[in-house]
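Q: I would like to go through this model with you, one topic at a time. Could we begin with what the database record says?

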Protein chains: 2
Amino acid sequence: MAAGARRGPYICGIDAGMDVVTGKWKSLILWELHNYGTRRFGELRRGLPGVSEKMLAQHLREMEEDGLLDRKIYREVPPRVEYSLTPHGISLNEALRALGSWGQQRVKRLAAEGSLIEVSPPA
Amino acid sequence: MAAGARRGPYICGIDAGMDVVTGKWKSLILWELHNYGTRRFGELRRGLPGVSEKMLAQHLREMEEDGLLDRKIYREVPPRVEYSLTPHGISLNEALRALGSWGQQRVKRLAAEGSLIEVSPPA
DNA sequence: CTCCATACTTTCGAAAAGGTGAGTACCGCA
DNA sequence: TGCGGTACTCACCTTTTCGAAAGTATGGAG
């Protein structure tokens, strides 16, 4: 889905909204930039435990194409690139806030159920 | 991600919320059940143009496991199965409403930009 | 002249997701 | 006796996604 197959015909708004967030790390990138405002490539990499450089770069490029974030290049050595949310990215994050709350409640439910199971006597 | 690898450790709420919606047709299933209240398997299949029976069944199972929808079996011939949203599914749909609005606005933007490009002289 | 740091890109391969088409079970209908 | 309609499941294959590791470019420090 390298920015060519995307922007497909959408069936509803949720469909269109999901399109720009699907990707293993995209919602976390959004979250990270929301929290820090501006982050460098390496900072994002260290902030997303487990992400590969390839996926991070690829996701960042797609999100830039989707108008979610800005990429500011400082022509220094060693190179420096800073990422930050555009107004569209900010509004997307706000639109995801309700989903975030729902997810937190889900985590709580799972923890509550889990404790009933996992705390069963180990021996 | 067949219901075993899921429920992984989540980094934030959005992460946890996204988990239950990732899947090519899940958000559309949610949308369909939200609009119709109750739908049979075949109705869902016809309502989601392009979905395969395998994926529809698989997604419905996962969403049932995630507590998003109810499955009601009528032991008739030919068989009848009705799907509907649980309270959790309903609240998830509400949580996705903001994303849906965002997506609609994005579609409008893309249409506006697209018309400027695609209407360029064909010959 | 080599190493370091940064921000990537590229290549290869594995894993996951998704699609295709067939098969199953059941009963009423012709 | 065979067909239709429903709601699946299963085996197999293709497509997409993701990861690991190496390579690229640059200039300053040593």
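A: The model is a predicted one. For chain A, an unreviewed UniProt entry carries the annotation "domain: HTH hxlR-type", which covers residues 12-111.

Q: How far apart are the end C-alpha atoms of residues 12-111 of chain A?

A: They lie 33 Å apart. As for secondary structure, 64% of that span is helix and 15% is strand.

Q: Turning to chain B, in which order do the three strands of the open sheet come?

A: The order is β1-β3-β2, with antiparallel pairing. Because β1 (38-40) and β2 (69-74) of chain B each have a single partner strand, they stand at the edges, and one side of each is left without a neighbour in the sheet.

Q: And by how many degrees are neighbouring strands of this sheet turned against each other?

A: On average by 25 degrees, with direction ignored.

Q: How many bridges join β1(B) to β3 of chain B?

A: Three bridges link β1(B) with β3 (residues 80-85), and the two strands run antiparallel.

Q: Which residue in β3(B) stands opposite B:R39?

A: That residue is B:Y83.

Q: Now the contact between the chains: how many residues does each chain give?

A: Chain A contributes 29 residues and chain B contributes 29 residues.

Q: Which elements of chain B give two or more residues to the side that touches chain A?

A: They are α1 (13-21), α2 (26-36), α5 (87-95) and α6 (97-118) of chain B. The most comes from α6(B), with 10 residues.

Q: What is the make-up of that side of chain B by class?

A: The side of chain B that touches chain A has 17 nonpolar residues, nine polar and three charged.

How values were computed: Residues numbered from 1 in each chain as written. Chains lettered and ligands numbered in written order. Predicted model: local features only at pLDDT ≥ 70, side-chain atom pairs only at ≥ 80, totals over all residues. Pairing = 2+ DSSP bridges. Helix = DSSP H or I, 4+ residues; strand = E, 2+ residues; numbered from the N terminus. Axes fitted to C-alpha atoms, helices over the stretch in contact; angles between N-to-C directions. UniProt positions renumbered as here; feature names shortened; annotations may be inferred. Contact = placed C-beta atoms within 7 Å. Nonpolar A, V, L, I, M, F, W, Y, C, P; charged D, E, K, R; others polar.
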